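Trainee: I should like to study one part of this protein in detail. May I ask for a close look at its largest open space and at what surrounds that space?

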Amino acid sequence: MLRFGVSFMADPPVSDVVEKTVLAEQCGFDYAWVWDSHILWQEVYPIFAMMATATSRIHIGPCVTNAATRDPSVTASAMATLNEISGGRMEMGIGRGDSAQRVMGRKPTTLATLESACLMIRDLTAGREVDCEGTPIALKWSLGHELPIWVAAYGPKALRTAGRIADGVILQLADPYIIEWSLKFVREGALEAGRRFEDIQVMSAAPAYVTDDIAHARDQVRWFPALVSNHVVDLVNRYKSDELPHELTDYIAAREKYDYAHHGRTGSENAEFVTDEVVDRFCVIGTVDQCEAKLRQLESLGVHQFNIYSMVDDPRGVIRTFGEKLIPAFTKTAAAVS
């Protein structure tokens, strides 16, 4: 069954994020995520504590954190503490660190750093002892909750890494062709590690906007392919042109600049180069029927969770519409199959 999550930007006031999390839980969402970039937005960990105490069922976590601005041992301690507060409802999305690092003039971490951090955080959070540069350490006070770890990835190497170590992979777009292309490398990584690909959860994370005014919907989410372009530029610099699908890379040819001060913001000048065609491929927009058709296509490719990036003019409206119209459609389908 396709499950649903929603991501928030930690703009003041904190109460707004908490209230939207409560609404999401009431509307049938299973996950509430918050972007973790501590210079651009507010600090996520105290917000998670407030989200957890205001809810009872929904799972909570960063989408995504990183192993550079966040020491893995500190992340593990925070997650283990939050698991006590939430009753074991914490999950963690993690990547190499795009905006969190670049806004301070630094580069994202290596995949090796990401991989070792995931392994350390998973064991420490659950109370298991790990080797920290020759010193054994453990969070002996941990209640032992296992922490599901989702790895965000775009390129073949990162996707294989996710397949080797992650409980879930975050694919930050809703383009069916690119998702199908990406999952081949996740499968390869899983096979390399002797894992079952079927045991890895797949998340499609992208903006959604339900309306019959397609022009308005496109304007609300056009910032997203511009955000994705940061990762695509990085990939183009790392891989040969025939190693990446042109559906992912061609659109950045018109990109001239990117200002992180407007990262993820509706109406940003960063998005001026993004065409309607790219918006339609990367996002889930349109009428209820059009959105459901796109989501069914993603589900058929093996997507387990659609995570709405809610940075639009009416995030509560999007949450309510999904809760009233779209989530029930998938719940009924699952019930009928079972």
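Which element gives the largest share of the lining of the largest pocket?

Mentor: Please keep in mind that this is a predicted model. The largest share of the lining of the largest pocket comes from α9, which supplies five residues. This helix covers residues 223–238.

Let us place that helix in its setting. The pocket has a volume of about 660 Å³, and 35 residues line it. Those closest to its centre are Gly95, Arg96, Gly97, Asp98 and His231. Besides α9, the elements that give two or more residues to the lining are α4 (99–102), α5 and α6. By class, the lining divides into 17 nonpolar, 11 polar and seven charged residues.

Two of these contributors, α5 and α6, also pack against one another. Helix α5 spans residues 111–125 and helix α6 spans residues 156–165; their axes lie 11 Å apart, at an angle of about 20°. Because of that angle, α5 is roughly parallel to α6, angles under 35 degrees being counted in this way. The crossing of the two helices is right-handed. On the side of α5, the residues that take part are Leu111, Glu115, Cys118, Leu119 and Arg122; they meet Lys157, Ala158, Thr161, Arg164 and Ile165 of α6. This contact holds five nonpolar, four charged and one polar residue.

The other spaces may be set beside this pocket. The second largest pocket contains about 220 Å³ of space. It has 14 lining residues, and nearest its centre lie Met9, Asp11, Lys20, Ser310 and Met311. Here the largest share of the lining is three residues, and it comes from helix α1, residues 14–26. Seven residues of this lining are nonpolar, four are charged and three are polar.

Finally, there is the matter of enclosed space. A search of the whole structure finds one cavity of 30 Å³ or more, and the largest cavity has a volume of about 50 Å³. Its lining is formed by Ala153, Tyr154, Leu171, Gln172, Leu173, Ile178, Trp181, Ser182 and Leu248. Helix α7, residues 176–192, gives the largest share of that lining, with three residues. The lining of this cavity has seven nonpolar and two polar residues but no charged ones, whereas the lining of the largest pocket includes seven charged residues.

Definitions and conventions:
Residues are numbered from 1 along each chain as its sequence is written. This is a predicted model: local features need pLDDT of at least 70, side-chain atom pairs count only at pLDDT 80 or more; totals for chains, interfaces and linings use all residues. Side-chain values use heavy atoms; hydrogens and water are left out. Axes are lines fitted to C-alpha atoms, for helices over the stretch in contact, and angles run from 0 to 180 degrees between N-to-C directions. Helices (H or I, at least four residues) and strands (E, at least two) are DSSP runs, numbered from the N terminus. Angles under 35 degrees count as roughly parallel, over 145 as roughly antiparallel, 65 to 115 as roughly perpendicular and the rest as oblique. A crossing is left-handed if the near helix is turned anticlockwise from the far one by less than a right angle, and right-handed if clockwise. Contact means heavy atoms within 4.5 Å. Ala, Val, Leu, Ile, Met, Phe, Trp, Tyr, Cys and Pro count as nonpolar, Asp, Glu, Lys and Arg as charged, and the others, Gly among them, as polar. On a 1 Å grid over the protein atoms alone, a cavity is a set of points where a 1.4 Å probe fits but cannot get out, and a pocket is an open set with protein on both sides within 12 Å along at least five of seven lines; lining residues have an atom within 4 Å of a point. Grid points are joined across faces, edges and corners, and a volume is the space filled by probe spheres set on the points.
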